[in-house]
Amino acid sequence: NALFEELTITLNIFLGTSVVQVTATDADDPTYGNSARVVYSILQGQPYFSVEPKTGIIKTALPNMDREAKDQYLLVIQAKDMVGQNGGLSGTTSVTVTLTDVNDNPPRFPRRSYQYNVPESLPVASVVARLKAADADVGPNAEMEYKIVDGDGLGVFKILVDKETQEGIITIQKELDYEAKASYTLRIEAANKQVDPRFLSLGPFSDMTTVKIIVEDVDEPPVFTSRLYTMVVSEAAKVGTIIGTVAAHDPDASNSPVRYSIDRNTDLERYFNIDANSGVITTAKPLDRETNAVHNITVLAMESQNPSQIGRGYVAITILDINDNAPEFAMDYETTVCENAEPGQVIQRISAIDKDDPPSGHQFSFSLAGEAANNHNFTLQDNKDNTASILTRRNGFRRQEQSVYYLPVFIVDSGSPSLSSTNTLTIRVCDCDADGIAQTCNAEAYILPAGLSTGALIAILACVLTLLVLVLLIVTMRRRKKEPLVFDEERDIRENIVRYDDEGGGEEDTEAFDMAALRNLNIIRDTKTRRDVTPEIQFLSRPSFKSIPDNVIFREFIWERLKEADVDPCAPPYDSLQTYAFEGNGSVAESLSSLDSISSNSDQNYDYLSDWGPRFKRLADMYGTGPEHLYS
């Protein structure tokens, strides 16, 4: 019994090429007759392959096998013992044969010519077209190279290879202009990168095609004659001075008129104007080089027939300098002179700055201004290098005599015409150490006690003021406590309302207020002694109110209540509002208060209210007992 294994192999396409050798095994005794002698034959795979009967070697049986036509074959091989005679046992195996690719197919364009339309506004580096030459091979054998070999667009277009798809990509190298050239013709070649010399006889492994590109006209914005205009103007130029001119035109065949304007986002202060028709730029405001030395503005050009088409031009305007700024100190100097300074000692070196920028550079001269030139304290030496030195003329400076000196310095520039300014140098007299380093420059410090600084004195003074305020506050509070709570009759008595937000216990609360004082004026309350002050009146008696006029009755009532509140230990020790429901004595109707009715257990008759007139009609209706009121 013969056994096989399945195999998968690859091979090329030449006649007689060995593919693989198959081997069968037989367990029979090889020394006994022909029972172990095996013969091989092919059952499937003809006429493409054959097998040698004795060795089992599989070979190609046909030349020029084409992978592009069929790239895989299935072979069935039989092994039979007994030298293949009848009665022998057999076994089979399958072999899968795959053909590998070789570069035996040249590239070919599907068409001999192509045509593409592109707008002239297409940006540079944009894709115009994609081409692909067909190649039946695969892998590296199908890799392409494309190039433009001829035509009038060699410098305008270029072609690249897409490595993924093996396409040729045509892109723009320069801007297109329909008015300059409306079409281009290109000759493009496609070729295999790897060529197998064995198959050169099959023909050239390259192909050619023609590509025609038509440029379409579009409405383009105006174009300026220059991408950047450079202009100069003096900062002394008057308003309306002409600076320069810009020019733009419509590139289309219609050649529409152009109108100019300035993009105000680039000229926020509106320093410049432009003539809408001529493009002449003029000054609109006075210029200052020190504020802005260069103005970069954008000029807009619009087509009259189509205002949406806007071209942009850029203008750089440089401001020329004039001498319009006087020199001044380069910084704020803090100059000091020691009390022990010697005559001729340099105490300060000064310099100047000028906002102007003359072509030849700055040149300043220094001197003392006016009467300061003859002072006996300090002098100035011009160093001729745009600096000057301040020197002492004497010694013996004393802070207690004069702690600060003011020295006017006169500075002149070299402009035409020259400008000058007077700057004041402040010089302080200081106490210095042995190395000439200032220690103390305040004149007040000279008279302060030793070991006591200004900060310490300020702290002491703040403490004294705080104690004084506390003493005054305590004295004021004590005086207010001792002031009597009694008013003179001649005083203008005004009400003072004090709110306590204290609620009583209702009608049953007899502790919060003494109701007896409101019910009967003739009841004398027991005098209570205050615990917080010494009472001035120990006993008070109530006068009779029978024959006293009403205004006197009310005044006496208030007076008595005031005195009682003054000696009441429960009263607050400050001014407060006391309220009493006192109506006076001698009323014809007597008291209408329901307070007296609390102590009476008998019903009262109020029928007499009907006889008092219309003012008491409401009360008569409420308290009357007549028949007409029974059901009201």
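This is a tour of selected places in a predicted model, stop by stop.

**Stop 1: the four-stranded sheet**

Begin by selecting strands 24, 26, 29 and 28. They form an open sheet of 4 strands, in the order 24-26-29-28, and the pairing is antiparallel. Which strands stand at the edges? Strand 24, residues 328-329, and strand 28, residues 378-382, do; each has a single partner strand, so one side of each is left without a neighbour in the sheet.

Keep strand 28 selected and add strand 29, residues 387-392. The two run antiparallel and are joined by 5 bridges. To see one opposed pair of residues, pick Asp 382 and look across to Ala 388 in strand 29.

Next, select Asn 386, in the loop between strand 28 and strand 29. Asn 386 is not a glycine, yet its phi is positive, at about 65 degrees.

**Stop 2: Thr 392**

Stay with strand 29 and select Thr 392, which belongs to that strand. Is Thr 392 buried or exposed? Its relative accessible area is 2%, which means that Thr 392 counts as buried, since the cut-off is under 20%.

Now show the backbone of Glu 342. Its oxygen lies 2.6 Å from a polar atom of the Thr 392 side chain. To view the surroundings, display the residues that Thr 392 touches, leaving out those up to four places away in sequence: Val 337, Ala 341, Glu 342, Pro 343, Gly 344, Gln 345, Ile 347, Asn 377, Phe 378 and Phe 397.

**Stop 3: Val 246**

Move to the loop between strand 17 (242-245) and strand 18 (248-249), and select Val 246 there. With a relative accessible area of 1%, Val 246 is buried.

What does Val 246 touch, when residues up to four places away in sequence are not counted? The residues to display are Phe 224, Tyr 229, Met 231, Tyr 260, Ile 274, Ser 278, Gly 279, Ile 281, Val 299 and Val 315.

For a distance check, pick the C-alpha atoms of Val 246 and Leu 228. They are 9.6 Å apart in space, while the two residues are 18 apart in sequence.

**Stop 4: Gln 309**

Select Gln 309, in the loop that runs between strand 22 (294-303) and strand 23 (310-320). Gln 309 counts as buried, at 17% relative accessibility.

Its contacts, aside from neighbours within four places in sequence, can be selected in two groups. One group holds Asp 219, Glu 220, Pro 221 and Pro 222. The other holds Ala 301, Met 302 and Glu 303.

**Stop 5: Gln 166**

Go to the loop between strand 11 (157-162) and strand 12 (167-172), where Gln 166 is placed. What is the phi of Gln 166? Phi is positive, about 60 degrees, although Gln 166 is not a glycine. Gln 166 counts as buried, with a relative accessibility of 16%.

**Stop 6: two cis peptide bonds**

Select Gln 46 and Pro 47. The peptide bond that joins them is cis, with omega about 5 degrees. Pro 47 sits in the loop between strand 3 (39-44) and strand 4 (49-51).

For the last selection, take Ser 416 and Pro 417. A cis peptide bond joins these residues too, and here omega is about -5 degrees. Where is Pro 417? Look in the loop between strand 30 (404-412) and strand 31 (420-432).

Notes
Residues are numbered from 1 along each chain as its sequence is written. This is a predicted model: local features need pLDDT of at least 70, side-chain atom pairs count only at pLDDT 80 or more; totals for chains, interfaces and linings use all residues. Side-chain values use heavy atoms; hydrogens and water are left out. Two strands pair if DSSP finds at least two bridges between them. Buried means under 20% relative accessible area, exposed over 50%, partly exposed in between (1.4 Å probe, protein chains only). Contact means heavy atoms within 4.5 Å. A polar contact is a pair of N or O atoms within 3.5 Å; within protein, one must be able to donate a hydrogen and the other to accept it, and residues adjacent in sequence count only if both atoms are side-chain atoms.
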